[in-house]
Amino acid sequence: MQKALQVLRRVDAKWWFVLGFFLMCCAYEAGRVLNIRPQPHHLWRQTDCISLAWNYYDTTWNLFKPAIHNQFADGHASGRSAGEFPLLYYVVGITWRITGPSEFLYRLIVLLIHFVGSLALFGAVRRITNSGSWAAMVALLFFSSPVIVYFSISFLTDVPALDMALIGWWYLVRYVQERRRSLWTWSVAFFSLAMLLKVTAGMSLVAISGVLILETLFSRGKSREADLFPHRRFAWTALLIGYAMVYAWYAYAAWYNGVHGAKYTFNDLWPIWIMTPEAMDWAWRTGCDIIVFQVFDTSVWVLLGTAFVSLVLNARQFPWRAWVLVLSLIVGSALYTILWFNALQDHDYYFINPMITLVVLLVAFLWWLGRQHPDILRARWAQAGMGVLLVLNVAYAAQNMQMRYDTSGRMTARSLWPIYHEAELAYWNGLDYWGMGDLPTIEPRLRELGVRKEDKVIFLDDQAINSALVLMGNRGWTGFGLDLLALGRIDELITHGAHYLLFTERKWLDDPRLASYLTAPVAQVGGVRIFDLTGQHRPMERQLVFQQDQGRPLHLTHRLDTVPCPSEEKGWCFLPSEYPLDVDGLPMYGAGVAYAELFVTGTMHWQKVPGAKVAELLLAEDDERRQLSLSGYALKEGPFAFRYGLPPRADGARTKLFISNPSGCAFALDGLKLEVVRYLEPGKAMAMGSSQ
């Protein structure tokens, strides 16, 4: 046993950190997450990032010509738009040219970057505290923040920007200890890269600039021996070059967006003073109930509060340069929260880069302990306590990931450990793809239907920039910043290459502004209806199922609660029962059918005006176990023309058309006509002849 312990003690702490990082990835189910599509939480921003990488893969080697899927630039003819420095997207896109596009690989690259950033934090803390165990636990503790965990296996640049800042701090610590100019150069380079990837990651560089300014103004003679920057001119030169690089990119991005007339990202303030009182209250409550606990669990906030109070009470034992860093970051984080107060409503990733304040505060506290109370830092009880805190927060983050990735909306307290905060359960149960739930798996089916990745599409039900387009794998247009139903808009987009129109909401079937664009159905995949805009009609079959006024009989299984009509009434008169009519087994399915439509026309005559309870003509799809879908139209007085669209179904599914009449009023139906149109997949032969 003693030999085993001696062997374990000889293992360098770096390897314990690596093992801990790997085990934490297992706890967070990284192996599963790496293989899934972008999830609903901040789907908008995730798909923007994937889109930029995909366009580097598919269109250009030029780093300075970023583009996205949404063709909203250059008069709705291209996707050229710039935001943060696109180095991450470029690296992913060029890598995809070798491997093929892979969201797994994108996620993996971001996770590996975070591993390197965490390793840099480990190295910096180890140099400051001379303790490998504390260095490992501190570095791993910041990998137990739920917001960092979620976005470190995702697509945004926020965590990579924080990682670049952590690498910059590692070089800075080495520079302070070794005084080599090259280390300062590397430090500024990584701080500047962090700021390029996410401008808010510049908090570190600004705080360090404050120390350099004060040393330049007030440090003289012998006092310069304690300076962080003894090579003053060199330090200023490197720093100014770093700021110049950041300014150069964002100036270029503004010019690029001006030339192409579009920008995909929000590069402005979200300050508290432009918000309504109601919005401020909502943001404050969301921030207190949700966002603060996505940064850390209460236990870590207690530790950080203890660290800050200890430093304040022992302020004279703490160097003024360190106080400048800590206080600059704290004030900067407070100002940041005020200037982006609106982000408290839901945007947890906005608070990733301000977490550098928490890193510096905790490390400064450990440095002070090591100098003033080394026995505490070396004590087994202190290290064991930190270990317990780490394990608790890993469990908390792991459950938080379970909640974030569960899109069922049906999580209950029974299915969770009791280590989440009260408001989180309802908050994460609210996750949804918002009408795009069929899109993450739709791309292979689109290709089977002949929708090529080069074909541009219009998706009506997405108000984000790229979400639907990236999930489908096609460039085109969404409702972002564009009134797709404005007079002549779709015709304009057709001239720019729009090939297909897609939507999920059934209301568009009845919108007269779209009627002329819905004449060539391609298919329905899940809830997504697809129409060809080029006039290339698919092979189809028509079957007249029933026509009341022409005497065509109804051969399908049906039930009619009819009574003899008064002499003045035409058609069928129905009793005021709840379900007075149903027609079962409509011929909507068959081999090679990509999409089927049922057209129902007729005239409704109510015996008296029904009250608040509206009658509906409903079309239900059922299999042997459950109801697959239900859609319907309200039955009002006068003529009606209804259109129902259905996707292909497996054998065993059946359709039933029926009337639901909770109004308690009798009515008559005249001129009822049922016609089924079935559109075939490309290359499929006609399965049955047309009948009229």
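This is a walk through a predicted model, from its overall build to two helix pairs and then to a handful of single residues in loops.

Let us begin with the whole chain. The protein has 692 residues, and 54% of them count as buried. Its secondary structure comprises 22 helices and 16 strands. If you lay a box along the principal axes, the C-alpha atoms fill roughly 115 × 55 × 55 Å. The contacts also tell you how the chain is connected: among those between residues at least 6 apart in sequence, 74% join residues at least 24 apart.

Now for the helix pairs. Two packed helices are described by the angle between their axes and the distance between the axes. Take helix 4, residues 43-58, and helix 5, residues 87-99: they pack at an angle of about 50°, and their axes lie 7 Å apart. Angles from 35 up to 65 degrees fall outside the parallel and perpendicular ranges, so helix 4 is oblique to helix 5. The crossing of the two is right-handed. On the helix 4 side, the contact is made by Arg45, Cys49, Ile50, Leu52, Ala53, Trp54, Tyr56 and Tyr57, while helix 5 brings Tyr89, Tyr90, Val92, Gly93, Trp96 and Arg97. Sorted by class, this contact has 11 nonpolar residues, 1 polar residue and 2 charged residues.

The second pair is helix 10, residues 181-197, with helix 12, residues 232-260. Here the packing angle is about 20° and the axes are 9 Å apart. Because the cut-off for roughly parallel is an angle under 35 degrees, helix 10 and helix 12 are roughly parallel to each other. Their crossing is right-handed. Helix 10 takes part through Arg181, Trp184, Thr185, Val188, Ser192, Met195 and Leu196, and helix 12 through Phe234, Ala235, Ala238, Leu239, Gly242, Tyr243, Met245, Val246, Trp249 and Tyr250. The residues of this contact divide into 13 nonpolar, 3 polar and 1 charged.

From here we can turn to the loops, starting with the one that leads into helix 10. Arg179 sits between helix 9 (158-178) and helix 10. Its phi is near 65°, a positive value in a residue that is not glycine. With a relative accessible area of 29%, Arg179 is partly exposed, since that class lies between the limits of 20% and 50%.

Trp434 also has a positive phi without being a glycine, in this case about 50°. You will find Trp434 in the loop between helix 19 (424-429) and helix 20 (443-448). Its relative accessibility is 65%, so Trp434 counts as exposed.

The loop between helix 15 (320-339) and helix 16 (356-372) holds Gln345, and Asn342 is found between helix 15 and helix 16 as well. Are these residues buried or exposed? Gln345 has 13% relative accessibility and counts as buried, and Asn342, with a relative accessible area of 17%, is buried too. Setting aside neighbours within four places in sequence, Gln345 is in contact with Met275, Ala279, Trp282, Ala283 and Thr286. One of these partners reappears in a polar role: the side chain of Gln345 reaches the backbone oxygen of Ala279 at 3.5 Å. Asn342, with residues up to four places away again left out, touches Trp270 and Met275. Met275 is thus a contact of Gln345 and also of Asn342. For a sense of distance across the model, the C-alpha atoms of Asn342 and Leu669 are separated by 55 Å, with their positions 327 residues apart along the chain.

Our last stop is Asn474, in the loop between helix 21 (467-472) and strand 2 (476-477). At 0% relative accessibility, Asn474 counts as buried. What does its side chain reach? The partner is the backbone oxygen of Asp455, at 2.8 Å. Not counting residues up to four places away in sequence, Asn474 touches His69, Leu446, Arg447, Val451, Arg452, Lys453, Asp455, Val457 and Leu469. Asp455 therefore offers a good place to centre your view: it is on the contact list of Asn474, and its backbone oxygen is what the Asn474 side chain reaches.

Note on methods:
Residues are numbered from 1 along each chain as its sequence is written. This is a predicted model: local features need pLDDT of at least 70, side-chain atom pairs count only at pLDDT 80 or more; totals for chains, interfaces and linings use all residues. Side-chain values use heavy atoms; hydrogens and water are left out. Axes are lines fitted to C-alpha atoms, for helices over the stretch in contact, and angles run from 0 to 180 degrees between N-to-C directions. Helices (H or I, at least four residues) and strands (E, at least two) are DSSP runs, numbered from the N terminus. Angles under 35 degrees count as roughly parallel, over 145 as roughly antiparallel, 65 to 115 as roughly perpendicular and the rest as oblique. A crossing is left-handed if the near helix is turned anticlockwise from the far one by less than a right angle, and right-handed if clockwise. Contact means heavy atoms within 4.5 Å. Ala, Val, Leu, Ile, Met, Phe, Trp, Tyr, Cys and Pro count as nonpolar, Asp, Glu, Lys and Arg as charged, and the others, Gly among them, as polar. Buried means under 20% relative accessible area, exposed over 50%, partly exposed in between (1.4 Å probe, protein chains only). A polar contact is a pair of N or O atoms within 3.5 Å; within protein, one must be able to donate a hydrogen and the other to accept it, and residues adjacent in sequence count only if both atoms are side-chain atoms.
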